[in-house]
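Okay, everyone, thanks for coming. Let me put the structure up, and then I'll talk you through a few parts of it.

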Amino acid sequence: MSPRASREPPAENATVVTTQKVCAGRADDYQRWQHRMNEAAREFDGFEAVEVYPPAAGDENEWVAVFRFAGVDHLTAWLDSGRRQELLDEGQEFFEGSPTQEVLRGGAPAEQAPETITAVVSHEVKPGREEEFLRWQEKAFKAQAKSPGFMGSELFRPVKGVQEHWVAVFRFDSREHLDDWLASDVRQTLLEEGRAYFASYDVRKVRSAFSGWFRFGEGKQDSAPPNWKQAMTVLLALYPTVMILNLTEGRWLGKLGVPGYIGLFIGNMLSVSALTWLLMPLVNKALAFWLVPSRATTYRVHLTGAAAVVLCYVLVLVIFGLTTH
């Protein structure tokens, strides 16, 4: 298995994204083997987490395993270990071709909505063209930021002695939006320009849970929205949730004689669950043009989003005013 790429940043964390094309009919065998690989990794110092993603439609049996360690030294010890090599030799019969991997040094995986998808693109940059490649990649990221569904991007530099490739990681809110970007005329034009700076590139797609209500990405331009936007957005989802629970679950528990402190706990549990797994992902998606920092770049966007939220406040107040009286 050959290293494919990585990064050089402030944080110490290190992640390896492994892509493996499994032979037809061997998925069950592969999953049992992958479980053994996961358990072996857990025994190494610095191990933090592992996630395994099954193939999505059109991925031709490509499975993705993501291992996370506390630092690049811990990760390298795992990658170079005899135990891992022994397991790789045992698993060869399950794969079509050699598995590949991208090592990302630094950064922190962000758990996002289930439909979020991440593209991991490794580049073999031509010697002496690194600065030009960096300028080209910045231009590509700016173009991506204008694409529907874009949620964040990050560039990982090579790590000396580990691997030589550069990796660009970017996230979209759905596979459709990612595919639209990958097939867009804008990207094709950028690729033609970029071929002067890199000899080859490779694209991997990961259905990412790489959790918070507002974490759209890990790049400098793609962190959480400002606090005032977070507060407005949470209020928009929280108020109708609490009202509906008070009118339904609250009254029902009251008739049953449930003590108020228990009823409040149940109500809070239901409201937090509804916000985390249902309402906030929907609200975030609807207001992404306003919440994602890299997309809300003008005063017009800030004002439009804020006005839309205030209008929703008025609407829900009118609705509950009419229904409760």
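**Strands, then helices**

So, let's start with strand β6, residues 117–125, which is mostly covered, with eight of its nine residues buried. Before I go on, keep in mind that this is a predicted model.

Who does β6 pair with? It runs antiparallel to strand β8, residues 166–172, and seven bridges join the two. If you want a spot to click on, Val 121 stands opposite Ala 168 in β8.

Stay on β8 for a moment. How many of its residues are buried? Seven of the seven, so β8 is largely enclosed by the rest of the structure. Now look at where the side chains go. In a regular strand they alternate between the two faces of the sheet. Here, Trp 166, Ala 168, Phe 170 and Phe 172 point one way from β8, while Val 167, Val 169 and Arg 171 point the other way. And yes, that list of buried residues includes Arg 171.

β8 also pairs with strand β7, residues 150–156: that's antiparallel again, with six bridges. Phe 150 has Phe 172 of β8 as its bridge partner.

Okay, over to another strand, β2, residues 14–21. Buried or exposed, mostly? Mostly covered: seven of its eight residues are buried. β2 pairs in the antiparallel sense with strand β4, residues 62–69, over eight bridges. In that pairing, Thr 19 has Val 64 of β4 as its bridge partner. β2 is also joined to strand β5, residues 100–105, by six bridges, and those two run antiparallel as well. There, Thr 18 stands opposite Gln 101 of β5.

Right, zooming out for the overall numbers. The protein has 10 helices and nine strands. Of its 325 residues, 46% are buried. The exposed area comes to about 16800 Å², and carbon and sulfur atoms supply 57% of that.

Now the helices. Take α4, residues 130–145, and α6, residues 185–194. At what angle do they pack? About 180°, with the axes 11 Å apart. That makes α4 roughly antiparallel to α6, because anything over 145 degrees counts that way. On the α4 side, the contact is made by Trp 136, Lys 139, Ala 140 and Ala 143. On the α6 side, you have Val 186, Leu 190, Leu 191, Glu 193 and Gly 194. Sort the residues of that contact by type and you get six nonpolar, one polar and two charged.

While we're on α4, have a look at Gln 137, which sits in that helix. Why do we call Gln 137 buried? Its relative accessible area is 3%, and the cut-off for buried is under 20%, so Gln 137 falls in that class. Which residues does Gln 137 touch, once we skip anything up to four places away in sequence? His 123, Leu 155 and Ala 168. You've met Ala 168 already, as the residue opposite Val 121. So if you're clicking along, this is where helix α4 meets the strands we began with: Gln 137 touches Ala 168, and Ala 168 is one of the buried residues of β8.

Next, Asp 179, in helix α5, residues 175–182. At 26% relative accessibility, Asp 179 counts as partly exposed. Asp 179 and Ala 119 are 60 residues apart in sequence, and their C-alpha atoms are 9.8 Å apart in space.

Further along there's Leu 235, in helix α7, residues 227–255. Leu 235 is partly exposed too, with a relative accessible area of 43%. What does Leu 235 touch beyond four places in sequence? Pro 240 and Tyr 313. Tyr 313 is 78 residues away along the chain, but the C-alpha atoms of that pair are separated by 8.7 Å.

Last stop is Gly 305, in helix α10, residues 299–324. Gly 305 has 0% relative accessibility and counts as buried. Leaving aside neighbours within four places in sequence, Gly 305 is in contact with Phe 289 and Trp 290. And from Gly 305 to Leu 287, 18 residues apart along the chain, the C-alpha atoms are separated by 7.1 Å.

That's my tour, so over to you for comments.

Technical notes: Residues are numbered from 1 along each chain as its sequence is written. This is a predicted model: local features need pLDDT of at least 70, side-chain atom pairs count only at pLDDT 80 or more; totals for chains, interfaces and linings use all residues. Side-chain values use heavy atoms; hydrogens and water are left out. Axes are lines fitted to C-alpha atoms, for helices over the stretch in contact, and angles run from 0 to 180 degrees between N-to-C directions. Helices (H or I, at least four residues) and strands (E, at least two) are DSSP runs, numbered from the N terminus. Angles under 35 degrees count as roughly parallel, over 145 as roughly antiparallel, 65 to 115 as roughly perpendicular and the rest as oblique. Contact means heavy atoms within 4.5 Å. Ala, Val, Leu, Ile, Met, Phe, Trp, Tyr, Cys and Pro count as nonpolar, Asp, Glu, Lys and Arg as charged, and the others, Gly among them, as polar. Buried means under 20% relative accessible area, exposed over 50%, partly exposed in between (1.4 Å probe, protein chains only). Two strands pair if DSSP finds at least two bridges between them. Accessible areas come from the Shrake-Rupley method with a 1.4 Å probe; for residues, only the protein chains shown count as cover.
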